[in-house]
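Please read the report below with the sequence and the three-dimensional structure side by side. It moves from the whole chain to its sheets and then to a single residue.

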Amino acid sequence: MLKSPSAPAPLPAHVLHITDTHLFARRDGRLLGMNTYDSLAAVLADAAQSAPDAVLATGDLAQDGAAAAYAHLTEALATFAAACEAPPPVYWLPGNHDAPSVMSATLVNPPLRPEREALIGNWYVILLDSTVAGEVGGWLSDAELARLDAGLATHADRPALVCLHHNPVSVGAQWMSDIGLANAAAFFETLDRRASVRAVLWGHVHQEMDTERRGARLMASPSTCIQFKPKMAEFSLDQRAPGYRRLWLYPDGRLETEVFRVERFAGRADPDATGY
Ligand SMILES: [Fe+2]
């Protein structure tokens, strides 16, 4: 007797996470010896093969907040979108190296999107601004925490992914202990009011991290340029290749994820650098 075919498994939404692109006003600008435009281009060329449904860019998109740097970002992302089967929308948020007002004025052309929240597949995705003018470390204002709370309440029936620039948990590096999200307790208190939060995603730390807290995945992704060596007392560069993360968000709230490194990109940061 023939078995009746089982129902096809529901397809996940496929999301690409890029972060800390650190682009300069000049396309030949280098961060500790690495050409950040070229490393981003290599990452995007690699990632375009995977045909993502959406892209999340979590801050430090420019090194110095220059409008020309954001124009370079738009150009690189437009080239990437054209190489994809279907051009994916790119959602973004600022980091401590960015100029939020310049970003809002310049990151307005496709594939970049102005919204700070999105429905991607069955998931609710919210992008927070954790920057404080003139500071390296992060803080979520009362207004951003209220927006997070309201967004999670409105979409309580969907699995939620929360994005920000600063790390809300320690990555175990002493030199970074004062530059994470200073009011992480208030952030987690807001998340803990909702059972729908399945994942938190950030940049800033230029390294991979993947842990869990109360049923939610907590993830950092490599920078598209220079890498920091994990768990160091002092600033320390890692000679690993530029990278990015892919996430598969299933309608029922499960997620799968993997970090990719673009080994064929030969550029590396100056190993003797003592800060950035
Ligand atoms: Fe950064």
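In this predicted model, 42% of the 276 residues of the protein chain count as buried. The chain contains five helices and 15 strands. Its radius of gyration is 18 Å, close to the 19 Å that the globule rule gives for 276 residues, and the protein chain is therefore as compact as a globular protein of that length. Taken along the principal axes, the box that the C-alpha atoms fill is roughly 65 × 40 × 35 Å. Among the contacts in the protein chain with a separation of 6 or more, 71% are between residues 24 or more positions apart.

**The five-stranded sheet**

Strands of a sheet pair through backbone hydrogen bonds, and the sense of this pairing is either parallel or antiparallel. One open sheet of the model is formed by five strands in the order β5-β4-β1-β14-β15, and its pairing is mixed. At its edges stand β5 (90-93) and β15 (255-261), and because each of them has a single partner strand, one side of each is left without a neighbour in the sheet. From one strand to the next, the twist averages 20 degrees.

Strand β14 (residues 243-249) runs antiparallel to strand β1 (residues 13-18), and five bridges join the two. β14 also pairs with β15, again in the antiparallel sense, over seven bridges. Some of the residues that stand opposite each other, in this sheet and in the one described afterwards, are listed in the table.

| Residue | Opposite residue |
|---|---|
| A13 | L249 in β14 |
| V15 | L247 in β14 |
| L247 | T257 in β15 |
| L201 | M219 in β11 |

L247 thus appears twice, as the bridge partner of V15 and as the residue opposite T257 in β15. Together, β14 and β15 form a hairpin with five residues between them, and in the turn G253 has a positive phi of about 100 degrees. Because five of the seven residues of β14 are buried, this strand is largely enclosed by the rest of the structure.

**The six-stranded sheet**

Another open sheet has six strands in the order β6-β7-β8-β9-β11-β10, and here too the pairing is mixed. Its edges are held by β6 (117-120) and β10 (209-213), each with a single partner strand, so that one side of each is left without a neighbour in the sheet. If direction is ignored, neighbouring strands of this sheet are turned by 20 degrees against each other on average. Within the sheet, strand β9 (residues 197-202) pairs with strand β11 (residues 216-220) over four bridges, in the parallel sense. Helix α4 (residues 142-154) packs on this sheet, where it touches β6, β7 (123-127), β8 (160-163) and β9, and the direction of the helix makes about 170 degrees with that of β7.

**A residue in a loop**

T21 lies in the loop between β1 and β2 (30-31). Is T21 buried or exposed? A residue counts as buried if 20 or more other C-beta atoms lie within 10 Å of its own, and because T21 has 30 C-beta neighbours inside 10 Å, T21 counts as buried. Leaving aside residues up to four places away in sequence, T21 touches T36, L40, L61, L73, T224 and C225. D192, by contrast, is 171 residues apart from T21 in sequence, and the two are 31 Å apart in space, C-alpha to C-alpha.

Notes: Residues numbered from 1 in each chain as written. Predicted model: local features only at pLDDT ≥ 70, side-chain atom pairs only at ≥ 80, totals over all residues. Pairing = 2+ DSSP bridges. Axes fitted to C-alpha atoms, helices over the stretch in contact; angles between N-to-C directions. Contact = placed C-beta atoms within 7 Å. Rg over C-alpha atoms; globule rule 2.2 N^0.38 Å. Buried ≥ 20, exposed ≤ 12 C-beta atoms within 10 Å, placed from the backbone.
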